[in-house]
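Look at the chains below and find the places where parts meet. This report takes the contacts one at a time.

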Amino acid sequence: MANARISRTRLAFVHVALIVYMIIALFPVVLTIMNSFKTRNDIFRSPLTPPLPSTFSLTGYHTVLGQGDFIGYFENSLIVTVASIFCVLLFGAMAAFALSEYRFRGNLLMGLYLALGIMIPIRLGTIGILQEMVALNLVNTLVSLVLVYTAQGLPLAVFILSEFMRTVSDDLKSAGRIDGLSEYAIFFRLVLPLVRPAMATVAVFTMIPIWNDLWFPLILAPGEKTKTVTLGAQTFIGQFVTDWNAVLAALSLAIFPVLVLYVLFSRQLIRGITAGAVK
Amino acid sequence: MGNLQLKSIRKAYGTHEVLKGIDLDVKDGEFVIFVGPSGCGKSTLLRTIAGLEDITSGAIVIDGQDVSITPPAKRGIAMVFQSYALYPHLTVRDNMGLGLKQAGSPKAIIDERVKAASGMLSLDPYLERRPAELSGGQRQRVAIGRAIVREPKLFLFDEPLSNLDAALRVQTRLEIAALHRRLKATMVYVTHDQVEAMTLADKIVVLNAGQIEQVGSPMELYNKPANLFVAGFIGSPQMNFIEGARLGLTEANTIGIRPEHLALSRTEGDWRGIITHVEHLGADTIVYLDTEKAGLITVRLFGEHGFKPDETVFATPDRSRLHRFSPEGKALAETA
């Protein structure tokens with residue numbers, strides 16, 4: 001792989017650094033999955049060995065799938081995540097389009113105001129949000145979570161997407177207007193396909209914190225019917241006794257849906273990048 | 001059919017005035033070109049005609065109808081952009097047909113017109129391709145085809161050749177000229193390239209700082225520039241400007257003489273000077289002189305010549321081709 005521009009040693013260093021980083025990043029995931037297939041005693045006796053025939057056990061998965069409505073939790077998590085991503089992308093892109101395309105008084109201030117949320121953690125407003133949800137009768141509904149996560153994801157979405165939309169050719173939008181496309185058609189049919197890589201980036205950044213969140217499901221929707229996976233997994237962690245098999249099994253299972261979503265979006269991301277690079 | 005009237009068009013961004021009262025009449029079938037230095041407002045003017053920019057005051061009239069506040073799609077215009085501006089996700093066929101489809105034309109008519117346009121521009125083999133699979137020249141032809149399909153009253157071109165390389169530019173220029181002859185349509189074309197302007201236009205509009213400097217046929221502008229700006233802008237190399245006082249002339253503040261209207265001799269002539277640089281272009285030889293009487297001047301000779309730097313030569317202007325300008329820069333009537 002050595003070529004004129006990059007020497008072999010430099011390439012080796014780069015790869016060593018990347019491999020070390022990969023091991024560090026994957027270690028907890030691998031550990032979780034490995035131990036989820038072991039008996040309770042072996043989890044504690046030798047946490048770093050992979051499951052052997054003598055230590056192999058599926059008790060964790062049996063508990064998880066048998067006790068409680070785990071499929072339902074998965075459904076809840078998926079619904080909340082997908083609905084939130086959809087709202088964040090749609091409304092974020094719309095706001096970004098307005099900010100980048102139209103000149104109006106206060107355009108810049110509006111942009112800054114919308115981006116301000118990146119710096120202020122939404123959890124600071126938890127009590128206010130809870131009171132509001134109680135008043136709106138939305139406690140213990142998935143809608144409450146979707147609303148909160150949409151608010152949480154919008155600032156970054158608006159910020160990234162408006163930067164990207166500024167790069168879309170003005171001539172293209174003008175051509176659309178001359179051909180009689182409405183502003184909505186220009187937005188949905190010309191601009192959105194061109195900023196697809198940016199949309200995928202935003203989707204990934206939005207998705208991970210939502211899927212992993214424990215805070216808002218615990219506060220806004222702790223009911224059995226609306227429990228998300230992360231909250232569901234907590235039921236196995238007790239004050240005195242923790243069913244580690246079940247916890248590890250639940251976490252292992254929780255990795256996969258989000259992995260699938262990630263693969264879907266990252267393919268878009270790569271396709272978008274190469275489409276732009278090779279004109 | 002397609003005539004266009006601009007009535008004291010003004011356009012301002014805040015307090016900054018970009019167009020300062022433009023009046024212009026374009027007759028049906030005319031090829032009109034806006035030229036001017038960058039920032040003179042020529043593209044803005046074209047965009048106001050298209051309806052992509054609102055005018056601050058004045059009126060735009062197409063075929064007797066005031067379209068000042070009509071949306072672009074309803075003005076009966078089509079526009080070709082410098083960056084082609086093709087829809088990247090549509091095939092060539094759909095790119096060309098989209099305007100009609102949006103207007104609700106029946107599919108048979110769309111197909112027929114796309115076919116006619118693609119035949120005219122030899123795009124038939126590419127109809128199912130996407131813009132990304134085409135070369136620059138082909139893309140610009142698709143953009144022109146998209147305009148033709150709409151059968152507009154008015155074609156607008158915004159520097160359509162600027163993104164093409166030199167050889168392709170000449171070829172596409174000829175195609176546009178042929179197209180104009182064939183369609184007999186009214187065309188308004190913006191460029192900063194005076195060769196394009198001189199070769200294509202029936203009528204050139206020279207713009208500077210948001211105002212029209214002169215309107216006329218290419219040869220009118222070349223032979224009778226109305227002022228110093230037009231005299232300097234049209235023609236390459238640029239016209240030589242000499243202070244009248246240096247030549248002992250009192251009737252004009254500035255004298256202009258085009259480089260091609262000067263003769264050069266090694267033995268005798270009006271202005272003695274030393275050659276500072278020579279450019280051999282084959283068909284032309286451009287000689288730069290430092291003369292005692294007239295200062296630095298450029299001489300354009302036809303054919304090949306053996307002049308070398310540091311030689312002493314004499315330049316003689318063609319008296320009948322002198323241009324005289326008043327202190328305000330306005331051309332003075334011929335007195336010679």
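How many residues does the contact take from chain A and from chain B? This is a predicted model, and in it the contact takes 14 residues from chain A and 18 residues from chain B.

Start with the side of chain A that touches chain B. Two helices of chain A, α8 (170–178) and α9 (183–194), each supply at least two residues of this side. The most comes from α8(A), which gives 6 residues. Sort the side of chain A that touches chain B by class, and you get 7 nonpolar, 3 polar and 4 charged residues.

Now turn to chain A itself. The domain assignment splits chain A into domain 1 (1–57) and domain 2 (66–277). Their centres, taken over C-alpha atoms, are 30 Å apart. The two domains of chain A also touch: 7 residues of domain 1 and 7 residues of domain 2 take part in the contact.

Which elements give two or more residues to the side of domain 1 of chain A that touches domain 2 of chain A? They are α1 (8–36) and α2 (40–45) of chain A. The largest share of this side, 5 residues, belongs to α1(A).

The table sets out the classes for each side described here.

| Side | Nonpolar | Polar | Charged |
|---|---|---|---|
| Chain A, touching chain B | 7 residues | 3 residues | 4 residues |
| Domain 1 of chain A, touching domain 2 of chain A | 3 residues | 3 residues | 1 residue |

Note on methods. Residues are numbered from 1 along each chain as its sequence is written. Chains are lettered from A and ligands numbered from 1 in the order in which they are written. This is a predicted model: local features need pLDDT of at least 70, side-chain atom pairs count only at pLDDT 80 or more; totals for chains, interfaces and linings use all residues. Helices (H or I, at least four residues) and strands (E, at least two) are DSSP runs, numbered from the N terminus. Ala, Val, Leu, Ile, Met, Phe, Trp, Tyr, Cys and Pro count as nonpolar, Asp, Glu, Lys and Arg as charged, and the others, Gly among them, as polar. Domain bounds come from an automatic or database domain assignment.
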